[in-house]
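Subject: The structure I promised you

Hi,

Here is the structure we talked about. Have a look at it first, and then read my notes below.

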Number of protein chains: 2
Amino acid sequence: MKNILVLGAGLSSSYLIKYLLQHAKKEDWKIIVADSNLELAQKKIGKSTFGKAVEMDIHNQEKRQELIKNSDLVISMLPATLHFIAAQDCILYQKHLITASYLSEEMKSLHTQALKANVLFLNEIGLDPGIDHLSAMKMIHHIQSEGGEIVSFESYCGGLVAPEFDDNPWNYKFTWNPRNVVLAGQATARYLEAGLLKFIPPNRIFSQTKKIKVGKNNTFESYANRDSLSYIDPYGIGSAQTVLRGTLRKVGFSEAWNCLVKLGLTDDSYSLPQTETLTYRELMSAFIGGANSENLEKKLADFLGLTKASKLYKKILWLGLLETNAIGMHNATPAQALQKLLQEKWKLQKGELDQIVMKHEISYKLNGKIYYENASLIVNGENQQLTSMAKTVGLPMAIAAKLLLQGKIKARGVQIPITKEFYEPILLELEKYGVKFI
Amino acid sequence: MKNILVLGAGLSSSYLIKYLLQHAKKEDWKIIVADSNLELAQKKIGKSTFGKAVEMDIHNQEKRQELIKNSDLVISMLPATLHFIAAQDCILYQKHLITASYLSEEMKSLHTQALKANVLFLNEIGLDPGIDHLSAMKMIHHIQSEGGEIVSFESYCGGLVAPEFDDNPWNYKFTWNPRNVVLAGQATARYLEAGLLKFIPPNRIFSQTKKIKVGKNNTFESYANRDSLSYIDPYGIGSAQTVLRGTLRKVGFSEAWNCLVKLGLTDDSYSLPQTETLTYRELMSAFIGGANSENLEKKLADFLGLTKASKLYKKILWLGLLETNAIGMHNATPAQALQKLLQEKWKLQKGELDQIVMKHEISYKLNGKIYYENASLIVNGENQQLTSMAKTVGLPMAIAAKLLLQGKIKARGVQIPITKEFYEPILLELEKYGVKFI
């Protein structure tokens, strides 16, 4: 019997644990789910006899090392900054480690030690990063194996609300970490366009958007991600003249979000005064010169260059930014105050489902001609626990774990899933779960 | 005989040291100028027999403590972060300390110790902060002593090129630390307007400007400083409905600077790649989607919404941002690359003079009526060493030093010059040097 240790039993672990428990009998696995919240871990195990819930604080070295020592493979669903604690023990006890997080510099530094211990530390095997790597590399390798030369690579991904539940003016609800959404686009975006390096500073990220068609009937918009350039080397697409990665939103989202950026409401660099009692209306008024409690509606419309009847103005209004309720937080930054409001307004309600959309667009040169290829993925959530986000993050991890324990993955050391031994079997099995590119 | 120790012999010390040497005979002073660059210190002393140049690294504790121990008063012209090193020794040996820098939290923490040692640690006694405090407090106290209640307080200051040498399209030349100019306006500005808290985020600081008239014939523009609110308590103007401090520039500067902000050229948060060989033209092109070496001029005009014939477009062009010379720096940020270019273009040439402009505008209520008062200051540089900036920073420090050693200032502990015993005698003597408010 093999022991799989899952660190962290939050929402994002639900699909992963479900898969592992379902395969436990056939694969002869025992799934140990460790979380500082025992009840949460127990809930994820349910009545399965193949699972065991354990209460564990990741900073409790004795307990942590005991669990890791007795496992065959560790899957860390912890916040990205905590992976390294587990990784060091995995070196010590020679255990495989899987995470869905971006490969950090400190994780990279363990490569030689992991090789020596003959274990795999597999990172970036969730959705984005994860499924994006798998699916893009499959396309790229296929094109290259036929003699094609990649000319352009564009890749887009977004976590959205499923169309049936898309019922607010922003066409958006939180389906993942709200803080990341509020702080998106606050660093300069870098990409390659027609062979030239391009930058988009934060003040233009949400106005320099692009329309992206997915399938016949869906058009989204995309704003540029922070760093598209770092994908060129690992993907082996040095021939590409254009390399751009972006985040997908429903059309109109970015224009409205840009209003909040212009106002200053996404700033996370300073604390507002007296945010226990400061109202949203006062906060909004503070960002518009000449505005006061009486003329705020008009001043806001003027500031945005809109009429009060416009759709865009109504979007802003709908958020409740002109209401007289207090922010009710201690020392909140503008971004934190905004996030609190958005978490109420953009809440995925009971019974509502989320949706993942991903699209790759690749142009390549073959025998002197330019060809275009694209692949799209749309995944809807199954229920409120088994969201499409939890599914597309957890499934690739779970499948990779299975393949690794079956001895079907030979890679060792610190890796990300960009080779055939990862993308072929994992994409194949993902299709069985409805995660299929078209 | 009393020993005055001046730490730092840079450009900003020139007027200060000149004053001290001129008064040394009458006041029975010896002026010790310490700098890590002995030659620089010697140059400032010149042939005066009342001065002595000493080579000293501020981090050399033995040398530093020996000099401070043997002095009666220390004037620190060091970078703001280094004052505290000298301040601790001044506590140890019970010596007065004078700086022109903003009062830091660590400096504040020495208040009780300074009181116990019966010494004065006087901060913010340069131009801005410094002369602004002295002149504003004189006006405020005068109004309040007659029963007036301050309704509005606005204060503006700028370091500019003197009109005779104002010969470039930006109407600006560097007369002080270029880095501070390039990085200005990168934090949200806070002020009070009609009783309401107001914020201006960085993306709007240079477009939300105000016209300021100084005298009959001079109109400047002003952008908001970072924190106007912190002046309310020390100035005792809690009654004011409007409190705003701003930086003065010639009209048109901010609009043009805002173009550089929009482009992303003032960003100091990341390093550009290969800035040894990257040209300014390539850099500029990188900030405009769709731009390349051929169409850059047109794309830039389109991006800015300008014609190539417009004055504003020509201002940007004049900086050399479309030239094909390499940045020639290692790991430069956009702001550093821009600064390098500006330091050539906005250089105050040999023989050219600078100018300081300051204006206070105060409204107050007296017997139910609203009155308005203003005071303006314009100071031109005398020569390239004795700039108006060095004069207006150094003179208040020097005069304060004299008054202190004459026993005419009784304040002790950590202070800023906002009381009558500072502003009355210092403003009076400043007038003799042509630093006179109208």
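A helix here is a DSSP run of H or I at least four residues in length, and helices are numbered from the N terminus. Keep that in mind for chain B further down. Also, please remember that this is a predicted model.

Let's start with chain A. How many helices and strands does chain A have? There are 16 helices and 15 strands. The radius of gyration of chain A is 23 Å, close to the 22 Å that the globule rule gives for 438 residues, so chain A is as compact as a globular protein of that length. If you want a feel for the dimensions, the C-alpha atoms of chain A fill a box of roughly 70 × 60 × 40 Å along the principal axes.

What about the inside? Buried residues make up 57% of the 438 in chain A. Looking at contacts in chain A with a separation of 6 or more, 70% of them are between residues 24 or more positions apart. On the outside, chain A exposes about 18500 Å², and carbon and sulfur atoms supply 49% of that area. As for charges, chain A has 52 positive and 44 negative ones, and their mean positions are 4 Å apart.

Now pick one residue to zoom in on: A:His133, which sits in helix H7 (residues 131-145) of chain A. Is A:His133 buried or exposed? Its relative accessible area is 1%, and buried means under 20%, so A:His133 counts as buried. Setting aside neighbours within four places in sequence, A:His133 is in contact with A:Glu124, A:Tyr231, A:Tyr235, A:Ile416, A:Pro417 and A:Ile418.

Over to chain B, where helix H4 (residues 83-92) is mostly covered, with 7 of its 10 residues buried. Those buried in H4(B) are B:His83, B:Phe84, B:Ala86, B:Ala87, B:Asp89, B:Cys90 and B:Ile91. Just after H4(B) comes B:Gln94, which takes a positive phi of about 55°.

Last, the place where the two chains meet. The size of an interface is often given as the accessible area lost when the parts come together. Between chain B and chain A, about 2200 Å² is buried, and carbon and sulfur atoms give 55% of it. On the chain B side, B:Phe199, B:Arg204 and B:Ala286 lose the most area to chain A, together 24% of what that side buries. The contact takes 31 residues from chain B and 31 residues from chain A.

Cheers

Note on methods. Residues numbered from 1 in each chain as written. Chains lettered and ligands numbered in written order. Predicted model: local features only at pLDDT ≥ 70, side-chain atom pairs only at ≥ 80, totals over all residues. Heavy atoms only, no water. Helix = DSSP H or I, 4+ residues; strand = E, 2+ residues; numbered from the N terminus. Rg over C-alpha atoms; globule rule 2.2 N^0.38 Å. Buried < 20%, exposed > 50% of the residue type's maximum accessible area, 1.4 Å probe, protein only. Contact = heavy atoms within 4.5 Å. Areas by Shrake-Rupley, 256 points an atom, 1.4 Å probe, with all protein chains shown as cover. Lys, Arg positive; Asp, Glu negative; His and termini not counted. Charge placed at Lys NZ, Arg CZ, Asp CG, Glu CD. Buried area = accessible area lost by both parts, 1.4 Å probe.
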